[in-house]
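Here are my notes on the model, as promised. Have a look at it first, then read on.

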Amino acid sequence: MDKPSPINLLRIVLPEDATADQVPWYAFDAKHVCVGSGHNVLDALPPHQQLQLILPAGVVAGHLITTLKTAGRHLAAIIDQALEDTLLVKREETHVVIARQEAEGRLVWVCSAHWLNRWLARLHGAQLKPDSAFAIYDLLLAAIQPVTATTPTGCIFRTPNGQVGYLEDASLVGELLGTTVALSEDLFSQPLQDEAANFLTGLFAPRYANRLTPGQFRRSGALGLALACALLLGAIIHWQQLAAREKSLKDEIRQTFAAAFPGTPIVDPIMQWQSKQREASTGGAASDALDTLSQFANTLGAGILPRSAEYREGVIRLVISESDVAKLRPKLEAGKREFNLSPAEPGFSRLEIRTGSKP
């Protein structure tokens, strides 16, 4: 079984050139600590669990747009109207992401839709599935003074009131902003700031199934566990009710058996009851057969000694000697009994007499 990748999050810094062969990357563990970095072609990036994109300053612009805090569902329309007077290209050619509320207005990111589509197509061709994408400015700290950071192509900054910008000549930053706080550590190894806005929304939202993580199932797992506990509790209660009903029925059978057969030791009343019923059934049939044979024997008269006698299914079967047959025939004919004679062993005949009823 493959071991999970130690890289929980792989951050790719997308170059402005959408045809660039290699991309810089930064690896983070589950505690969001940077554990490595490098440059690779897309097909040779290290294995990872999540993929994050950082959009460069050259293709992302931040706009502070004055809006009412109560704009609600009309916010997007207000922003589109405000951007019409600001953008140098058609609104349809841009991807607009509404970000955080700043003191002087709503921060809105604007990115080239064509550029973003090209990079996403390249990533898809390399079997890479990004989970999120953020502006490079969201890596800058918020402070009471302007914060700057040097990038391979220039210098980016963020002011205390939320304005962001990019200058190719870093020497102009001081003249424009005055006193600044320069980020001394590698910008791309920094954590994202709170309320960072994900660019992979709307038409750019991932079309593949999201990766499933334990955190996504936390609530469903809790509900499933609660449901399982409820079902188990219901099953236990139902089992206890059935057990109580079974005990009650056994007690009733025991009492009924004791009343029907007083003095009989009770071990298993159900089996004993069935045994008594079988005994009664068998004994009754035998008693009827014996009574029938006894009554017929009284009609034979003295001197008739059958070699064997049997009564079954309303027919008396006798094996008697030829001399006894001669004695019985007149009586049977006089009594108009239905009988039948057939040879048996030498000197004896088998006599079958129908009694007219079955046992």
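1. Some terms before we start. Buried means under 20% relative accessible area, exposed means over 50%, and partly exposed is anything in between, using a 1.4 Å probe and protein chains only. Helices (H or I, at least four residues) and strands (E, at least two) are DSSP runs, numbered from the N terminus.

2. On provenance: this is a predicted model, so local features need pLDDT of at least 70 and side-chain atom pairs count only at pLDDT 80 or more, while totals for chains, interfaces and linings use all residues. Residues are numbered from 1 along each chain as its sequence is written, and side-chain values use heavy atoms, with hydrogens and water left out.

3. Start with strand 1, residues 9-13, which is mostly covered: 5 of its 5 residues are buried. L9, R11 and V13 point one way, L10 and I12 point the other way, and all are buried. Note that R11 is in that list.

4. Strand 1 has two partners to look at; strands count as paired if DSSP finds at least two bridges between them. With strand 2 (residues 22-28) the arrangement is antiparallel, with 4 bridges. With strand 4 (residues 50-55) it is parallel, with 5 bridges. I12 is a handy residue to click on: W25 stands opposite it in strand 2, and L53 is its bridge partner in strand 4.

5. Now the charges. A salt bridge here is a side-chain nitrogen of Lys or Arg within 4 Å of a carboxyl oxygen of Asp or Glu, and the structure holds 6 of them.

6. Which residues does E102 bridge to? One is R100, at 2.6 Å from N to O, and both E102 and R100 are buried. Another is R158, with the closest N and O atoms 4.0 Å apart. That second pair links distant parts of the chain, since E102 sits in strand 6 (residues 94-102) and R158 in strand 10 (residues 154-158), 56 residues apart. Both E102 and R158 are buried too.

7. For a contrasting setting, try D251 and K247, whose side chains meet in a salt bridge at 3.4 Å, N to O. They lie 4 residues apart in helix 4 (residues 218-260), so about one helical turn separates them. D251 is partly exposed, at 33% relative accessible area, and K247 is exposed, at 55%.

8. Last, the network: salt bridges that share partners join R100, E102, D138 and R158 into one.
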